Amino acid sequence: MRIIRTLAFVPSLVLAACSGESITAPRLAPDAPAAESPGALGLRARPISGHCELTTLSTTPAPAPPVFRQVAAGTCTLSHLGRSTVDFIQLVNLGANTQQSETLTYTAANGDVLEASGVGTSTPTATGVNFSSTITFIGGTGRFVNATGQAHVEGAANLVAGTSRYTLHGSISHRDN
């Protein structure tokens with residue numbers, strides 16, 4: 001279901017990016033309640049870091065070159081998750097050297113899920129790209145239900161071998177249990 005929702009969302013991102021108009025966050029109505037602070041939700045801020053290795057990386061033109069859709073899966077060792085899995089989908093524009101959109105799902109060994117989204121840049125190499133991005137934590141399940149925060153990601157993808165490695169460092173707020 002998550003992939004279907006993501007796939008339904010991706011074309012709208014691409015069309016919006018091509019429209020020449022900037023995308024902005026929706027405005028709240030004047031009487032809309034303010035978002036609760038992380039502390040009010042029982043969340044505690046702390047650093048997050050770790051590394052991931054993706055061994056399943058597929059790249060297909062979407063909607064057409066130079067924009068490609070990448071789907072990847074792999075394993076990570078991350079603070080607050082331990083040994084975990086990661087699945088992500090992103091649109092990479094090789095002409096503009098950008099990662100236009102990323103959706104990431106990290107799953108801890110106990111089944112808790114941490115979701116994130118991100119954007120970044122890529123620099124071509126002989127076998128793929130070096131990349132840098134900022135991911136924003138947007139919730140999940142279990143102790144990550146209302147998770148917030150950001151992390152900086154640095155890595156390299158070998159498009160010939162279909163592999164990728166990256167490290168992340170940042171801050172996350174989530175429940176302790």
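Trainee: How should the accessibility of E53 be read: buried, partly exposed or exposed?

Mentor: Residues under 20% relative accessible area count as buried, those over 50% as exposed, and those in between as partly exposed (1.4 Å probe, protein chains only). E53 has a relative accessible area of 33% and is therefore partly exposed. The model is predicted, so local features need pLDDT of at least 70 and side-chain atom pairs count only at pLDDT 80 or more, whereas totals for chains, interfaces and linings use all residues. Residues are numbered from 1 along each chain as its sequence is written, and side-chain values use heavy atoms, with hydrogens and water left out.

Trainee: Which side chain meets that of E53 in a salt bridge?

Mentor: Side chains of opposite charge can pair when their charged atoms come close. The criterion for a salt bridge is a side-chain nitrogen of Lys or Arg within 4 Å of a carboxyl oxygen of Asp or Glu. The partner of E53 is R165, at 3.6 Å from N to O. This pair links distant parts of the chain, with R165 in strand 8 (residues 163-174) and E53 in strand 1, 112 residues apart. Strands (E, at least two residues) and helices (H or I, at least four) are DSSP runs numbered from the N terminus. R165 is exposed, at 55% relative accessibility.

Trainee: How many salt bridges does the structure hold?

Mentor: There are two. D112 also pairs with R143, their closest N and O atoms being 2.6 Å apart. D112 lies in the loop between strand 4 (98-108) and strand 5 (113-124), and R143 in the loop between strand 6 (128-140) and strand 7 (148-158), so the pair ties together parts 31 residues apart in sequence. D112 is buried at 11%, and R143 is buried at 12%.

Trainee: Which residues does the disulfide join?

Mentor: A disulfide is a covalent bond between the sulfur atoms of two cysteines; here the cut-off is a pair of cysteine sulfur atoms within 2.5 Å. C52 is joined to C76, with an S to S distance of 2.0 Å. C52 belongs to strand 1 (residues 44-61) and C76 to strand 2 (residues 67-78), 24 residues apart. The S-S torsion is about 110°, so the disulfide is right-handed. C52 is buried at 1%, as is C76 at 1%.

Trainee: Which residues touch the most other members of the largest nonpolar core?

Mentor: In soluble globular proteins, nonpolar side chains tend to be buried together. A nonpolar core is a set of buried Ala, Val, Leu, Ile, Met, Phe, Trp, Tyr and Cys residues joined through side-chain atoms within 4.5 Å. Y106, I135, Y166 and L168 do so among its 27 residues.
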